[in-house]
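Thank you for sending the coordinates and the sequence together. My comments are set out as numbered points, to be read beside the structure itself.

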Amino acid sequence: MKKFLKASLAITSAFVILTGCTSEPAQSDKQQPVASANKSPDNEIFIYTVYPAFYAKEDIWEKQVGQYLKKKFPDLTFKHVQWDNPGRQYKDLIAAGTIPDIVIDNARMNLQRNILKNDLQYDMTDLIKKYNFDTSTLNPAAMTQMKNVTPEGKIYGLPFQLSDFVLFYNKDIFDKFGVDYPKDGMTYDEVYELAKKLTRVEGENTYKGYQQHPGLYMTYNQLSLSPLSLTEDKAEMNTPGWKKEVDNLRRFYEIPANQFTSVDDFPKGKMAMSVHVTEKIVQWYEQNKNLNFDIAAMPSFSDAPGVKAQPNLYSAYITKQSTKKDQAFQVIQYLLSEEMQINFAKEGIIGPLQTQKVQEAFGKNLPQMQGKHTQAIFYGKNAMPPAARASGLTYIDVPVHGVFQPLIFGESKDSVTALRMIEESATKAIQTEKAAQ
């Protein structure tokens, strides 16, 4: 079981299961710029995957990706290496001079600390134009995240896969207490009322009405808030927007008997509602095949109806050092074609291309998803990521999870105090990072 944001988001195991992660890609040390890519055959494309971590299993990679690339590009050969393999971290590949042509990694977590820090980035804008690739067909928020890396809108990567959030609900608990099931499009205010009705203590049984992981909630917040100042080298969380974000969730955990424990307790059968990633549809079914549950769209703020979390995004990058950028781009372009996006969707993978055919194919190869309201996954739209920060500012991964744990849950801090404390500690971390540079 891996810790999903080890350096500064070392939160509970509820965070860990995102797309079957098994170990964490660690932040690499500052490397010297690499002059050239590995001396590989002219027809070989080297693909390096960090996230999604389930591609550590070569049979999964071959089933979902490899076999299709071989058929589509018979004149190319493909070398696939996953971060989990021994001696295959970024620092190992760079030290050996074996730089991949394509890197697939977590966009929010690792673009800054691995792609940019190791000088691997390459602006794909010219290739996008050269091959007439229409980025407007992709998830708008995911594509915006790719463009908002720099103020100039350079495109270092394209969206590859997403891990989105939905509201799980236990039908048996709703039936037991005579409450109507959740529906797509509900607001947090409406779900809060349900949570109050469904949080009960009956003898030795405690039924929790609602659980949502604060770290995920804050990291991919629906209000498009940035924990870092966009113009200065400092954190920026002691604001009305962040207070609104925090107060919205903390009220759920102030319902008597509904204190936060773990969103992953849902399969135990005593939790009415839980917000988590779509991969849990399969995982929780396997944990408790008698669990009578379904899904609805995650709740939204009343003044931003239908807006769900920011994209939890895995992206495909072409490295600066690759000598086969054209071929690499054509591979990525094919992975984003409707044909391949349908193939991914059948395996329960959310892609950035969400045409009607792609949506209709979702989960078709997974018996665990049959009968579930999978259209809830595509309801609404992802919140837009924050705007790009000014050039030259220092990046750190602000531990936004710390607002709730330990400050609110463990130390009973009010929202403003908790936000101010995280802001102050993050600003100090920025100054430390600047001094180290």
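The points below go from the overall fold to one helix and then to one residue.

1. Please bear in mind throughout that this is a predicted model. Its secondary structure comes to 15 helices and 13 strands. The radius of gyration is 22 Å, close to the 22 Å that the globule rule gives for 437 residues, so the protein is as compact as a globular protein of that length. Along the principal axes, the C-alpha atoms fill a box of roughly 70 × 50 × 40 Å.

2. On burial and packing, 57% of the 437 residues count as buried. Among contacts with a separation of 6 or more, 77% are accounted for by residues 24 or more positions apart.

3. The accessible surface comes to about 17800 Å², and carbon and sulfur atoms make up 48% of that area. As for charge, there are 50 positive and 50 negative side chains, with the centres of the two sets 1 Å apart.

4. In helix α7, which spans residues 188–198, the buried residues are Y188, V191, Y192, L194, A195 and L198. These residues cover an arc of only 160° around the axis, which puts them on the same side of α7. As general background, an α-helix has 3.6 residues a turn, so residues three or four places apart point the same way.

5. Q64, a residue of helix α1 (residues 58–72), deserves a look of its own. Is Q64 buried or exposed? Its relative accessibility is 10%, and because buried means under 20%, Q64 counts as buried. Leaving aside residues up to four places away in sequence, Q64 touches F54, Y55, M340, F344, E347 and I349.

How values were computed: Residues are numbered from 1 along each chain as its sequence is written. This is a predicted model: local features need pLDDT of at least 70, side-chain atom pairs count only at pLDDT 80 or more; totals for chains, interfaces and linings use all residues. Side-chain values use heavy atoms; hydrogens and water are left out. Buried means under 20% relative accessible area, exposed over 50%, partly exposed in between (1.4 Å probe, protein chains only). Helices (H or I, at least four residues) and strands (E, at least two) are DSSP runs, numbered from the N terminus. The arc is that of the directions from the helix axis to the C-beta atoms. The radius of gyration is taken over C-alpha atoms; the globule rule is 2.2 Å times the number of residues to the power 0.38. Contact means heavy atoms within 4.5 Å. Accessible areas come from the Shrake-Rupley method with a 1.4 Å probe; for residues, only the protein chains shown count as cover. Lys and Arg count as positive and Asp and Glu as negative; His and the chain ends are not counted. The place of a charge is taken as NZ of Lys, CZ of Arg, CG of Asp or CD of Glu.
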